[in-house]
Amino acid sequence: MEGHPLPPLRPATVRRGWMDESPDGFAYRCLPLTAANGHGWEVQGQTGFEAWWNGGAAPEDVVIRVLKPGGLAPASHFGLGVLTFPLPMLLRTAPGQVLWVSGPPNAPKDGIAPLTGLVETDWAPMSFTMNWRFTRPDHVVRFRPGEPVAFFFPLPRDLLARTRPETRPLADNPALAAAHAAWSEGRGRFNAALKQPDSPERVQGWQRDYHHGQRAAGHPARPRARPFPAPGGKPPA
């Protein structure tokens, strides 16, 4: 936007520090976790700073100290321990699509939590902010330059309205019931065999049925977000 540099935007990374630190990278074996980590784009903060909240309701009850200037610094705007990141850009989506905006998934930050918004970017001519709220007073939080401060991905506007929840007995779908029973039995055997030294299951370490889509016809590959082109550049193929 005019007068302010565009904050860096990048396809979200699947990597997480706490997942890296899990024994043998065990956390990465959970495909739903890693798929969510990379299911969108990240806005990287440009300012290094620390902030804390004294527990009060006024905007001035949040104190921000810039450690390394860069781009627009966050501000205390709403009060109630909310830290606001200005995002100097106007994101637009195709008609009928909105943006789900929050913090990076599965990336807890001690003392502060991202708030979530659903932004109608298919018509709105205004920008929006990203907000985080302190979870307790008198605790210093720090953001480094380059650390993601926002995460977003598109959704069909009418997806929720079109969804009709139903509850049915599993027995109403014999094929699905049989597949679930087979999976449950196999999982029980596998976990029991894991406790036996030198068993094939112990060597294998974990089952990969979900990763490989072994019970799915045409198991789709994980979608990859495309990078944003430079201003005036062509979108990537």
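This text walks through the chain, its two sheets, one strand residue and a cavity.

The model is predicted. Its protein chain holds six helices and eleven strands. The chain has 237 residues, and 31% of them count as buried. Sequence-distant contacts carry much of the picture. Take the contacts in the chain with a separation of 6 or more: residues 24 or more positions apart account for 62% of them.

Start with the sheet of five strands. This sheet is open, and its strand order is 1-2-11-6-8. The pairing is antiparallel. Two strands form the edges: strand 1, residues 9-11, and strand 8, residues 117-119. Each of these edge strands pairs on one side only. Direction ignored, neighbouring strands in this sheet are turned by 30° against each other on average.

Look next at the edge where strand 1 meets strand 2. These two strands run antiparallel, and three bridges join them. One position to pick out is Pro 11, whose bridge partner in strand 2 is Trp 41.

Strand 6 is part of the same sheet order, 1-2-11-6-8. Strand 6 covers residues 97-102, and Gln 97 belongs to it. Is Gln 97 buried, exposed or partly exposed? Gln 97 has a relative accessible area of 31%, so it ranks as partly exposed, because that class lies between the 20% limit for buried and the 50% limit for exposed. Which residues does Gln 97 touch, once those up to four places away in sequence are set aside? The list is Thr 121, Asp 122, Pro 154, Leu 155 and Arg 157. Leu 159 gives a distance to check in the viewer. Gln 97 and Leu 159 are 62 residues apart in sequence. In space, their C-alpha atoms are 9.5 Å apart.

Now turn to the sheet of three strands. This one is also an open sheet with antiparallel pairing, and its order is 5-9-7. Strand 5 and strand 7 are the edges, each pairing on one side only. From one strand to the next, the twist averages 25°.

Strand 9 spans residues 129-134 and pairs with strand 5 over five bridges, in the antiparallel sense. Two positions help to fix the register. Val 82 stands opposite Arg 133 of strand 9. Phe 85 has Met 130 as its bridge partner in strand 9.

On the other side of the order 5-9-7 comes strand 7. Strand 7 takes in residues 112-114, and three bridges join it to strand 9. These two strands run antiparallel as well. Here Pro 114 is a residue to find: its bridge partner in strand 9 is Trp 132.

Last comes the enclosed space. How many cavities of 30 Å³ or more does a search of the whole structure find? The search finds one. About 120 Å³ of space lies in the largest cavity. Its lining has 15 residues, and the closest to the centre are Gln 44, Gly 45, Gln 46, Leu 72 and Pro 86. Which elements give two or more residues to this lining? They are strand 2, residues 41-44, and strand 5, residues 82-86. Strand 2 is a member of the five-stranded sheet, while strand 5 is an edge of the sheet with order 5-9-7. What is the make-up of the lining by residue class? Ten of the lining residues are nonpolar and five are polar. No charged residue is among them.

Definitions and conventions
Residues numbered from 1 in each chain as written. Predicted model: local features only at pLDDT ≥ 70, side-chain atom pairs only at ≥ 80, totals over all residues. Heavy atoms only, no water. 1 Å grid on protein atoms, 1.4 Å probe; cavity = no way out; pocket = protein on both sides within 12 Å on 5 of 7 lines; lining within 4 Å. Points joined across faces, edges and corners; volume = space filled by probe spheres on them. Helix = DSSP H or I, 4+ residues; strand = E, 2+ residues; numbered from the N terminus. Nonpolar A, V, L, I, M, F, W, Y, C, P; charged D, E, K, R; others polar. Pairing = 2+ DSSP bridges. Axes fitted to C-alpha atoms, helices over the stretch in contact; angles between N-to-C directions. Buried < 20%, exposed > 50% of the residue type's maximum accessible area, 1.4 Å probe, protein only. Contact = heavy atoms within 4.5 Å.
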